[in-house]
Number of protein chains: 4
Amino acid sequence: MPKINRYEDINEIDREAKKDYIDRHSPFVHCEPSATAGEAFKVTVKVGNEYSHPDDMDHHISGVALYNKDTKLAEATLLAGALGGQGEKGNATVTFDVVLTKNASLVAQSYCTKHGVWESDAVSVAVA
Amino acid sequence: MPKINRYEDINEIDREAKKDYIDRHSPFVHCEPSATAGEAFKVTVKVGNEYSHPDDMDHHISGVALYNKDTKLAEATLLAGALGGQGEKGNATVTFDVVLTKNASLVAQSYCTKHGVWESDAVSVAVA
Amino acid sequence: MPKINRYEDINEIDREAKKDYIDRHSPFVHCEPSATAGEAFKVTVKVGNEYSHPDDMDHHISGVALYNKDTKLAEATLLAGALGGQGEKGNATVTFDVVLTKNASLVAQSYCTKHGVWESDAVSVAVA
Amino acid sequence: MPKINRYEDINEIDREAKKDYIDRHSPFVHCEPSATAGEAFKVTVKVGNEYSHPDDMDHHISGVALYNKDTKLAEATLLAGALGGQGEKGNATVTFDVVLTKNASLVAQSYCTKHGVWESDAVSVAVA
């Protein structure tokens, strides 16, 4: 508590509304599967994949964080209105340059002002 | 106070150390000159252009913020070590998706744990 | 740009609406005038003094920061609704413990989602 | 993942080093047991109770967050050096004014740059 909501494979879910609910809140880590040690490596955290989330003043994605295992690398605060504002929907998307030095396991979290904390699956990056 | 340090054109500066000091602390806004209203538009804030900044534990770029005129759109906190850590240098770089609805004037700020707040020149974006 | 709005002495202002506008957005630093070096010292940043600010979803105080001269000590992000929410008003108030080692000059900033950045007068703290 | 470390009662722990490790990382919620609906209510998040944590540049408490059940109310970023800096120890302490409207269950998290996320026990507040 706070509850950490986790992504579930929406292909296994029947109800359209539930697919939408899970997908639009879930952060996804997008990056190459391998990185060169010591060089800048782009990691994108995008909230939602097939669905998008409201950017209403009282209901929006207000932040994302990026962890390598238990180490926080970076986080972003997103203000309501940055994705179009009242009545609009979007996919909060932030790309961070990070420098990895050994094999990494990246996890993202997102925070919805109405529906709390959501956590991505871990993404492995081979670093050499 | 806090002092807002502003970018100066380093071509007008003679001393190499001063060019480096100004450039490595200054945030730059990188984006297309025009955007489509209501669509996601990528804005990159990169700290430093020709020079890079230490990522030492006691001396690093700990955050960037992005404004459209006086409105904050987003900000990011960057933890020491995310760009290689002690002894390494890098260019803190964060890309935000934003949705603009009319002509915009984007300004970035960066924060160095030793040398304070730095502000970019404004970048105009034509939105149609 | 972004414009840094600064506190003006509201006793010098005639119009009630302007007094309210300036006061309710201005952060004030509240602390003892002297501190013991190396010991925890409480510094409160309170937004507004005689007036209070809406906590509406689309119009609230979303953050405060505390600087000692040009050095950021701490900042806080305040989510809409934390001060009562839609239709309510309040004074965003955050107290940080800081440890000072020599004479300090404390400055606070606050950020309103509609009216931008506001900066307090500096408060001197004698440290011995 | 990231792992959420939780407070354990250190009276049940034998090893002094482990008592210290758990206590100095754990956030504690300090507040009155009851609040008046609609009025400002002070909630202090303090990291550590009987032990204190280093404020070294590469090892410090860099943030705390306060939740009411699954709703984030506020968070604070604390910069290295704010509690005395290299070689010193302290208890990161932030007090937020919040306005509660019904019975609440407050939970705090803290983040150590070396030892990850820590979560407090929940504290119930009766609101009338």
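The following dialogue concerns strand pairing and one chain contact in a predicted model.

Visitor: What makes strand E7 of chain A and E7(B) a pair?

Guide: The criterion is at least two bridges between the strands. Strand E7 (residues 71–78) of chain A is joined to E7(B) by 5 bridges, so the criterion is met. The two strands run antiparallel. Within E7(B), Ala74(B) is the bridge partner of Leu78(A).

Visitor: Which elements contribute to the side of chain B that touches chain A?

Guide: The contact takes 22 residues from chain B and 22 residues from chain A. On the side of chain B, strand E7 (71–78) and strand E9 (93–99) are the elements that give two or more residues. The residues of that side comprise 12 nonpolar, 6 polar and 4 charged.

Visitor: How do you know that E2(C) pairs with strand E4 of chain C?

Guide: Pairing requires at least two bridges, and 4 bridges join E2(C) to strand E4 (residues 40–47) of chain C; therefore they pair. Their course is antiparallel. Val29(C) stands opposite Val45(C) in E4(C).

Visitor: Why are strand E2 of chain C and strand E2 of chain D called edge strands?

Guide: The open sheet has 6 strands in the order E2(C)-E4(C)-E9(C)-E9(D)-E4(D)-E2(D), with antiparallel pairing. Strand E2 (27–30) of chain C and strand E2 (27–30) of chain D each pair on one side only, and these are the edge strands.

Visitor: What is the average turn between neighbouring strands of this sheet?

Guide: Neighbouring strands are turned by 20° against each other on average, with direction ignored.

How values were computed: Residues are numbered from 1 along each chain as its sequence is written. Chains are lettered from A and ligands numbered from 1 in the order in which they are written. This is a predicted model: local features need pLDDT of at least 70, side-chain atom pairs count only at pLDDT 80 or more; totals for chains, interfaces and linings use all residues. Two residues are in contact if their C-beta atoms, placed from the backbone, lie within 7 Å. Ala, Val, Leu, Ile, Met, Phe, Trp, Tyr, Cys and Pro count as nonpolar, Asp, Glu, Lys and Arg as charged, and the others, Gly among them, as polar. Axes are lines fitted to C-alpha atoms, for helices over the stretch in contact, and angles run from 0 to 180 degrees between N-to-C directions.
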